Protein chains: 2
Amino acid sequence: MLSKSQISFIKSLHQKKYRKENGIFIIEGIKSIEEFIHSNYQVHSIYYLAQYQSLLPALPANIKLFEVNNAELDKISTLQTPQGILALVNIPEPPLFKPATPKNLFSLVLDGVQDPGNMGTIIRTADWFGFKNIICSNNCVEVYNPKTVQATMGSLSRVNIFYEDLPGILTNVKLPVFGAVLDGKSIYKTDWGNEGLVILGNEGQGITPPVMKLITHPVTIPRIGGAESLNVAISAAILCADISRNLNK
Amino acid sequence: MLSKSQISFIKSLHQKKYRKENGIFIIEGIKSIEEFIHSNYQVHSIYYLAQYQSLLPALPANIKLFEVNNAELDKISTLQTPQGILALVNIPEPPLFKPATPKNLFSLVLDGVQDPGNMGTIIRTADWFGFKNIICSNNCVEVYNPKTVQATMGSLSRVNIFYEDLPGILTNVKLPVFGAVLDGKSIYKTDWGNEGLVILGNEGQGITPPVMKLITHPVTIPRIGGAESLNVAISAAILCADISRNLNK
């Protein structure tokens with residue numbers, strides 16, 4: 001049984017303003033909760049229907065547990081069809097991006113990605129291919145948006161997300177800077193090497209001019225048919241797969 | 001100015017039942033409308049804000065035109081932010097899939113894809129890579145769903161969509177049948193050849209057992225990191241890109 005103030009607190013976290021104010025976001029579903037418990041994130045509290053209690057993994061003592069009924073879960077959930085269990089997770093202190101960090105690695109760089117679903121799908125895909133870091137421009141959608149969290153399918157717990165001033169980062173980095181553009185070199189003919197940054201732009205506008213100037217290797221996914229563009233998460237995935245092919249051959 | 005019955009008719013097309021009953025679906029945005037006008041689809045009528053009239057291309061005389069105001073457009077639009085212009089398009093008679101059709105081509109086969117956004121993104125991606133045909137199981141989401149139409153970004157006008165009994169089709173087809181599974185041959189080591197069908201399964205359940213049995217070439221996108229699976233539209237895109245690389249080398 002939750003108090004009115006608990007319910008209204010959790011509901012407030014559906015909004016970005018209150019997530020930021022309280023430093024807490026919501027995750028849903030038993031699988032996601034297990035993955036966050038076994039990650040560097042700190043789970044704050046868990047809210048579950050009675051039948052989910054037996055599914056809970058061993059928990060650190062500092063996580064608060066609340067059994068809830070269906071009506072309560074409907075109120076606090078961000079989903080149309082709640083998944084029986086929900087947790088609050090502390091937003092970590094944003095670590096500052098160190099240009100040295102991604103040495104011998106590829107990292108994705110997102111310049112103004114706006115759609116929460118695209119952001120979540122990019123995080124999930126990066127995780128599949130073992131990309132550990134995603135550097136977002138400050139105007140990208142917030143990764144703790146419930147739709148983003150849901151689309152990551154738990155991968156948010158394994159990928160480091162940084163929000164940065166991109167031109168500042170790109171000017172100082174000593175790595176190849178690949179960027180997905182419409183008139184670059186075919187990805188099929190690109191020598192990716194062993195490390196680099198890979199920039200993808202906003203859904204409608206693409207990469208901003210100040211960032212575009214700092215691309216050292218413009219690349220393109222060759223078009224055969226009629227579509228004018230690809231979805232940004234699709235482009236990211238095709239580049240990740242091609243880089244992964246090259247790294248693991 | 002629209003009559004009440006016109007508004008209620010167009011609003012009814014937001015629902016699958018009435019799209020099917022009337023054989024009509026909705027498209028939105030000037031770019032999409034231009035692409036459908038220049039396709040084999042038959043545009044039925046166009047509803048536009050005054051300032052969009054000058055943007056309209058030359059139109060066949062049989063397309064009915066209606067100037068609307070913002071309040072009317074808000075009512076008939078399927079979007080939270082209407083794009084100033086909307087059209088009704090006739091749903092074509094579903095052409096029967098002929099196993100001979102895809103010779104010397106690759107076609108995508110979707111087994112139970114449920115999410116409208118995924119379906120639309122797959123159609124857009126297939127169009128980019130020049131895949132002309134997508135064969136859907138009968139339980140796939142309807143492609144005339146407004147969210148699907150929007151996610152195709154006009155590509156629906158260029159890709160043929162068939163709804164079929166998949167085991168029936170696959171049993172009779174004389175082509176390699178590739179299928180995206182978790183324990184197949186690495187796509188990076190797959191010899192795609194010059195033609196074939198490429199099967200992708202449902203978001204949660206994957207490919208159904210009767211379809212799985214008919215796969216001649218199980219393939220897998222190698223995983224390096226921690227994610228348990230890839231989104232189905234992401235998987236489709238990576239396979240399309242790899243096939244395209246092979247066809248156009």
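Me: A salt bridge here is a side-chain nitrogen of Lys or Arg within 4 Å of a carboxyl oxygen of Asp or Glu. How many of them are there between domain 1 of chain A and domain 2 of chain A?

Reply: First, some ground rules: this is a predicted model, where local features need pLDDT of at least 70, side-chain atom pairs count only at pLDDT 80 or more, and totals for chains, interfaces and linings use all residues. Residues are numbered from 1 along each chain as its sequence is written, chains are lettered from A and ligands numbered from 1 in the order in which they are written, and side-chain values use heavy atoms, with hydrogens and water left out. Chain A splits into domain 1 (4–90) and domain 2 (106–247), bounds that come from an automatic or database domain assignment. Between domain 1 of chain A and domain 2 of chain A, the count of salt bridges is two.

Me: Which residue does Arg158(A) pair with in a salt bridge, and which parts of chain A does the pair tie together?

Reply: Arg158(A) sits in the loop between H6 and strand E7 (160–164) of chain A, and its partner is in helix H3 of chain A, so the pair ties together parts that are 123 residues apart in sequence. Helices (H or I, at least four residues) and strands (E, at least two) are DSSP runs, numbered from the N terminus. The closest N and O atoms of the pair are 3.1 Å apart, and the partner is Glu35(A).

Me: How much area is buried between domain 1 of chain A and domain 2 of chain A?

Reply: Their centres, taken over C-alpha atoms, are 30 Å apart. In contact (heavy atoms within 4.5 Å) are 16 residues of domain 1 of chain A and eleven of domain 2 of chain A. Buried area is the accessible area (1.4 Å probe) that two parts lose on being put together, summed over both. Carbon and sulfur atoms give 53% of the total here, which is about 1,100 Å².

Me: And which three residues supply 38% of the area that domain 1 of chain A buries against domain 2 of chain A?

Reply: The trio in question supplies more of that area than any other three residues. One of them, Glu35(A), also forms the salt bridge with Arg158(A). The three are Arg19(A), Glu35(A) and Tyr41(A).

Me: Moving on to the two chains, how many salt bridges join chain B and chain A?

Reply: Here 32 residues of chain B touch 32 residues of chain A. The buried area is about 3,100 Å², with 62% from carbon and sulfur atoms. One of the salt bridges pairs Lys31(B) with Glu228(A), at 4.0 Å between the closest N and O atoms. Across this interface the rule finds a total of three.

Me: Which helix gives the largest share of the side of chain B that touches chain A?

Reply: Helix H5 (116–128) and helix H9 (232–247) of chain B each supply at least two residues of that side. The largest share is eight residues, and the helix is H9(B).

Me: How are the rings of Phe25(A) and Tyr144(A) arranged: stacked, edge-to-face or tilted?

Reply: Rings of Phe, Tyr and Trp (its six-membered ring) pair if their centres lie within 6.5 Å; planes under 30 degrees apart count as stacked, over 60 as edge-to-face and the rest as tilted. The structure holds 16 such aromatic pairs over all chains. Phe25(A) and Tyr144(A) have ring centres 4.4 Å apart and planes at 40 degrees, so the pair is tilted.
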